[in-house]
Amino acid sequence: MAATLTPAAPARTDRQIIALHAAVSLLQRLGGIAALVVSVHADWAPDFPVSVDAQISVHEADPGPGDAARFDRLVAAAVALNAPITREWATSDQQAFALTGVRIDTVPVHLWAVFTDPDVIARAHALAALNGGSPMTISDTIAAYRTSGKALRAMDRGPRPTRNFGATEKAYAFHNATRSRMAGLLADAGRGDLVHALIDVETLPARITDSPGPRPELRQRLKAARATLRAAQNQQNPPPFLHRRPAGTRTGEL
Amino acid sequence: MTAPYLAPAPARLGRQTAALHAAATLLEWLGHLGVLNIAVHADYAPGLPVEIDAQIGMVTEDDDDQGDQVRLDRLNAISVLLGLPIRREWTSGSMHAFALPRFDVDTVPVHLWTAFTTPDVITRADALTTEVRR
C-alpha cells in the first residue's frame, strides 16, 4: 500500500456542474428529438473549456434501422438549434457528422452521430456539403491542432489592455473542438500515440518551467514526443481522411 | 429512407434529466475527490435503468507518470468516504477494472469505476478489495 495518498487535487467541480445543468437544458430544448448519450468530462485544466458531449442514440421504440433514426434526429436537432451539419471523421465503414457552434448557457455542446449505412451517409454528405468540405490527413490534423493551440497561447499572453476576451473564448472553444476532432481522427487511424505526443508537446514545457528541479525525465519525454510528431508529419503517404479543414490552418507547420 | 421526420417519439427525458441532476449532486458530495468523467445514456427502454457512469479521471495537476496510483488513491478515498467496498470488475488484456458496488444518489444508480494497467497498482487494488468499509 502506498504510504501516503496523492496530494489532494483542487476541487474543480463548478464548471462540470454547470455543464451538467446545460445538458439538462439541451434535453429540454430538444424534447422528443433528444435520444442522447451525454458525457461531461472532469475539468482537466482551468485553461480548457468543459463541454457537453452529446452523441445521438436511439430509443427502443424508434422505427426502422438505427442509422435512419439517428439521421432524422440529427437533422431535427440541426433545425431546432439552427446549427449547420459538418462531417467530422471517417473510418473505413463509419462516418461521423456533428452540429457546429452549438452553445447552451455558454457551455460548448458537441452534438454528433455516427452512421454506417451508405444511403444515410450520402444524405448526410449532401447536407454537410452545404458547409464545404475537404480531405484531412494526419499531417493536416497535427498542424491544425498545433496552430489552434499556438493561436490560443499567443492570445493568452497578450498585453492586458489589448486582450480581447471574446476572441480568447472563441479560441478556447475552437482549440477544444480541434482537440476532440484530432483525438477522434488519430485514434481511428490507430495513432493514439500521436494524441499523447501532441498533448505532451503542449503541456510539458509549462510543467518543466514550473518545476523546481531540472526534471530530465520530462525533457526526455518532450523530446521523444516532438520526434514522434515530426516523423508523423513527414511520412510520405499519410492516410487520407474525409474531414473538413478548419478555416485559417496551414499544413506542415510544427 | 424515412421521408418525414420521426413520428414524434414520446419525450423520455425524465429519468435522464434526474440522472444529470444526481450527477451534479454526486460531484458536490465528493468535492475535490470528484474528478470524474460522467456519462448518462439515453433512456433506451422503460424496462432498463438509466444510471450514471462515473469513471475516475485525471486533472492537469496530477503527475501523468503516476496516473494509476493517483486514480487508485481517489477510488480508495471515495470508498472510505461512502463506506463502500472496492470490487474487482473485469480484465481486458493488461487492463484491470475496479469499482464500487452500485449505490444510489437521489434514487439514481451510480457506477463509479476506474481501470489500471500498472501491476503494482493492481496488486494494491486487489489487496483493498478485502478491506471492510462501513
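In strand β6 (residues 107-115) of chain A, A:Phe115 stands opposite A:Gln95. That pair belongs to the partnership between β6(A) and strand β4 (residues 95-99) of chain A, in which the two strands pair in the antiparallel sense over 4 bridges. The model described here is a predicted one, and β6(A) makes a friendly place to begin a tour of it.

Strand β5 (residues 102-104) of chain A is another partner of β6(A), joined to it by 3 bridges and running antiparallel to it. Here A:Ile104 faces A:Val107 of β6(A). The hairpin formed by β5(A) and β6(A) has 2 residues between the strands, and in this hairpin A:Asp105 adopts a positive phi near 50 degrees. With strand β2 (residues 52-56) of chain A the sense is parallel, and 4 bridges make the connection to β6(A). Within β6(A), A:His110 is the residue opposite A:Asp53. With these partners in view, the setting of the strand itself can be described: β6(A) is mostly covered, 7 of its 9 residues being buried.

Stepping back to the whole of chain A, the chain contains 7 helices and 8 strands. It has 254 residues, of which 39% are buried. When contacts in chain A between residues at least 6 apart in sequence are considered, 65% of them link residues at least 24 apart.

Two of the helices of chain A deserve a closer look. How is the packing of two helices described? Two packed helices are described by the angle between their axes and the distance between those axes. For helix α6 (residues 192-210) of chain A and helix α7 (residues 216-234) of chain A, the axes come within 8 Å and cross at roughly 140 degrees. Such an angle makes α6(A) oblique to α7(A), and the crossing of these two helices is left-handed. On the α6(A) side, the residues that meet α7(A) include A:Leu194, A:Leu198, A:Val201, A:Leu204 and A:Ile208. Among their counterparts in α7(A) are A:Leu218, A:Leu222, A:Ala225, A:Leu229 and A:Ala232. Charged residues also take part, including A:Asp193, A:Asp200 and A:Arg207 in α6(A) together with A:Arg219, A:Arg221 and A:Arg226 in α7(A). By class, this contact holds 12 nonpolar, 1 polar and 6 charged residues.

Chain B is built from 3 helices and 6 strands. Read from the N terminus, its elements follow the order α-β-β-α-β-β-β-β-α. Chain B has 134 residues, and 40% of them count as buried. Of the contacts in chain B between residues at least 6 apart in sequence, 51% join residues at least 24 apart.

One residue of chain B illustrates such a link between distant parts of the sequence. B:Val108 lies in strand β6 (residues 108-116) of chain B. Is B:Val108 buried or exposed? Because B:Val108 has 22 C-beta neighbours inside 10 Å, it counts as buried, the threshold being 20 or more. Once neighbours within four places in sequence are set aside, the contacts of B:Val108 are B:Ala18, B:Ala19, B:Ala22, B:Glu51 and B:Ile52. B:Ala23 lies 85 residues from B:Val108 in sequence, yet the two are 8.9 Å apart in space, C-alpha to C-alpha.

The two chains also meet each other. Contacts between them involve 42 residues of chain B and 45 residues of chain A. On the side of chain B that touches chain A, α1 (14-30), β1 (36-40), α2 (67-82) and α3 (119-128) each supply at least two residues. The largest share, 7 residues, comes from α1(B). Sorted by class, this side of chain B has 25 nonpolar, 12 polar and 5 charged residues.

Where α1(B) meets chain A, helix α1 (residues 14-30) of chain A packs against it at an angle of about 170 degrees, with the axes 9 Å apart. This angle makes α1(A) roughly antiparallel to α1(B). Among the residues of α1(A) at this contact are A:Ile17, A:Leu20, A:His21 and A:Leu27, while those of α1(B) include B:Thr17, B:Leu20, B:His21 and B:Leu27. The contact of the two helices comprises 9 nonpolar residues, 5 polar and no charged.

Strands join the chains as well: strand β1 (residues 36-40) of chain A and β1(B) are linked by 3 bridges and run antiparallel. Within this pairing, B:Ile38 of β1(B) is the bridge partner of A:Val40.

Technical notes:
Residues numbered from 1 in each chain as written. Chains lettered and ligands numbered in written order. Predicted model: local features only at pLDDT ≥ 70, side-chain atom pairs only at ≥ 80, totals over all residues. Contact = placed C-beta atoms within 7 Å. Pairing = 2+ DSSP bridges. Buried ≥ 20, exposed ≤ 12 C-beta atoms within 10 Å, placed from the backbone. Axes fitted to C-alpha atoms, helices over the stretch in contact; angles between N-to-C directions. Parallel < 35°, antiparallel > 145°, perpendicular 65-115°, else oblique. Left-handed = near helix turned anticlockwise from the far one by under 90°.
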